[in-house]
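Notebook open, model loaded. I want to look at one sheet and then at how the domains meet.

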Amino acid sequence: MEWTKEQRYRTMEEVSEEEIQGLAKLVNQCPWRQSFHIQPETGLLNDPNGFSYYKGEYHLFYQWFPLGPVHGLKHWYHTKSKDLVHWENVGMGIKPSNEFDSHGAYSGSGIEHDGKLYFMYTGNTRDENWNRHPYQCLAVMSRDYSISKMDAPVIADVPRGYTDHFRDPKIWKNGDLFYAVIGAQRENETGTVVLFQSRDLKDWKFMGELKTGLGEEFGYMWECPDYFELAGQGVFLFSPQGLKAEGDSYQNIYQSGYVVGSPIDLEHNELKHGAFHELDQGFDFYAPQTTVDHQGRRILVGWMGLPEIDYPTDRNGWAHCLTLPRELKIKGGKLVQQPVPEQKLLRGRKVETIKSVENENVRLDHFEGDVYELLAEFSDSTAEEFGLELRVGETEKTVIKYDAAAKKVVFDRTRSGESFAEEYGTIRKCTLEAEKISFQIFVDVSSVEVFVNDGVEVFTGRIFPGIASNGVRVFARGGQTNVKVVRWDIK
Ligand code: FRU
């Protein structure tokens with residue numbers, strides 16, 4: 001079905017309760033609803049927004065088009081949690097309602113100030129000729145979680161030299177001052193990011209472009225920038241659009257990644273840094289956002305999806321979910337991403353086995369399922385390749401393996417189930433030189449998240465297998481490996 005502009009930009013007031021109920025019914029019939037990931041009740045979820053820790057609770061919003069699996073009039077949907085693993089739906093967070101966000105409450109961030117939780121987001125607007133004008137808007141949450149908007153935008157204009165692709169403010173505080181990075185496109189259609197400064201979150205001063213070492217041309221637009229400091233280093237994270245695939249890298253339609261360097265020099269708007277790295281080596285990951293919590297932990301959540309790709313759940317009226325929260329650390333100039341320790345709260349019944357496999361493919365009894373956490377630790381391997389097959393059915397399987405000959409970790413969804421996005425390939429790889437290989441894997445009804453060697457690499461992918469595809473197998477080819485596998489039900 002083609003969605004017209006009118007259908008995409010209807011307000012919720014124009015929609016009948018019946019229509020919503022009909023859509024919810026269609027969604028609930030979907031065989032691929034997730035069980036422990038944040039997903040929309042109906043419609044499309046995209047970027048995580050406003051992620052913050054405030055008065056004992058984590059608040060996490062997402063971009064939401066309630067009426068179907070397409071990008072239309074975007075809202076912020078609100079979820080909250082005390083422990084990052086049990087999430088509660090709060091309800092609508094920010095609704096487009098005025099001339100400054102008439103065509104969508106686009107992405108933005110949250111920050112505590114004077115005891116209150118503030119949000120800065122991009123108000124997307126279009127005029128009669130469908131010309132875009134973005135406003136950066138401010139809103140504040142009250143005790144009952146309702147959110148009120150300031151009367152006027154706090155940044156009303158795009159600075160000279162940039163196009164109307166100007167959005168996704170991420171705020172942080174340095175001393176007494178607030179700073180924001182905003183994703184931008186130069187008039188010559190290259191991507192960049194600009195800096196603003198404020199004393200009070202209301203009055204913002206344009207400081208100019210952030211000078212990075214990424215050159216004049218690194219994609220045509222940078223979305224969802226984020227800056228933070230971790231272990232004394234500056235980390236700049238963003239989602240560039242327009243990078244060409246190169247070897248195993250940049251295989252998805254759009255990328256998201258980071259650079260690590262010395263802390264940002266706010267006097268000269270400069271960040272000196274090392275190479276750009278992708279955050280996730282898998283298929284479905286974009287527009288991540290981080291926050292820092294009361295324990296000083298830096299936590300990241302991403303959108304487990306990508307723009308402009310059709311997913312099999314579309315026909316059931318919904319699309320996408322968020323990734324599990326990941327705690328970030330720095331090791332040797334690169335980010336390490338680990339599931340938060342609270343994730344263990346979801347561990348239920350446990351089974352484990354130790355095996356030696358040699359040129360064989362062994363089914364693990366009692367390991368079956370479509371929702372579980374699994375940890376596989378391989379050791380003393382002589383095999384050319386070894387790994388796991390998950391969601392195994394008669395013809396289906398999802399393969400996660402180490403190609404020891406090529407020194408690459410491989411995630412293969414060629415035969416995972418219903419195929420989609422095939423034009424971007426069905427295999428993802430990344431180089432990893434290591435003596436020992438371990439995969440910590442979170443399997444939900446229609447997704448797999450693999451943390452390799454305690455988070456030095458992560459692979460995320462949606463998969464759409466048949467309900468009977470539940471088997472787990474371990475294998476080794478061209479030699480032998482020992483493997484210890486532990487599996488927990490997820491409560
Ligand atoms: C990234 C993005 C953001 C924008 C939002 C709109 O996926 O395009 O740049 O604010 O989605 O939903």
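Before listing any sheet, I note the pairing rule: two strands pair if DSSP finds at least two bridges between them. I also note that this is a predicted model.

Entry 1, the sheet. I looked up an open sheet of five strands and got the order E4-E3-E2-E1-E19, with mixed pairing. Strand E4 (87-94) and strand E19 (318-319) stand at the edges with a single partner strand each, so one side of each has no neighbour in the sheet.

Entry 2, one pair inside that sheet. I picked strand E2 (residues 57-65) and strand E3 (residues 75-81), which run antiparallel and share seven bridges. For a register mark I took Leu60, whose bridge partner in E3 is Thr79.

Entry 3, domains. The domain assignment splits the protein chain into domain 1 (5-339) and domain 2 (344-490). I find their C-alpha centres 30 Å apart.

Entry 4, the interface. How much area is buried between domain 1 and domain 2? I get about 3400 Å², with carbon and sulfur atoms giving 58% of that. On contacts, 38 residues of domain 1 touch 38 residues of domain 2.

Entry 5, polar links. Between domain 1 and domain 2 I count four salt bridges. I also looked up the salt bridge of Glu457 with Lys334, where the closest N and O atoms are 3.0 Å apart. Across the interface there are 24 residue pairs in polar contact, both residues at pLDDT 80 or more. On the domain 1 side, strand E22 (residues 334-339) gives the most, with six residues. That side divides into 16 nonpolar, 13 polar and nine charged residues.

Notes: Residues are numbered from 1 along each chain as its sequence is written. This is a predicted model: local features need pLDDT of at least 70, side-chain atom pairs count only at pLDDT 80 or more; totals for chains, interfaces and linings use all residues. Side-chain values use heavy atoms; hydrogens and water are left out. Domain bounds come from an automatic or database domain assignment. Contact means heavy atoms within 4.5 Å. Buried area is the accessible area (1.4 Å probe) that two parts lose on being put together, summed over both. A salt bridge is a side-chain nitrogen of Lys or Arg within 4 Å of a carboxyl oxygen of Asp or Glu. A polar contact is a pair of N or O atoms within 3.5 Å; within protein, one must be able to donate a hydrogen and the other to accept it, and residues adjacent in sequence count only if both atoms are side-chain atoms. Helices (H or I, at least four residues) and strands (E, at least two) are DSSP runs, numbered from the N terminus. Ala, Val, Leu, Ile, Met, Phe, Trp, Tyr, Cys and Pro count as nonpolar, Asp, Glu, Lys and Arg as charged, and the others, Gly among them, as polar.
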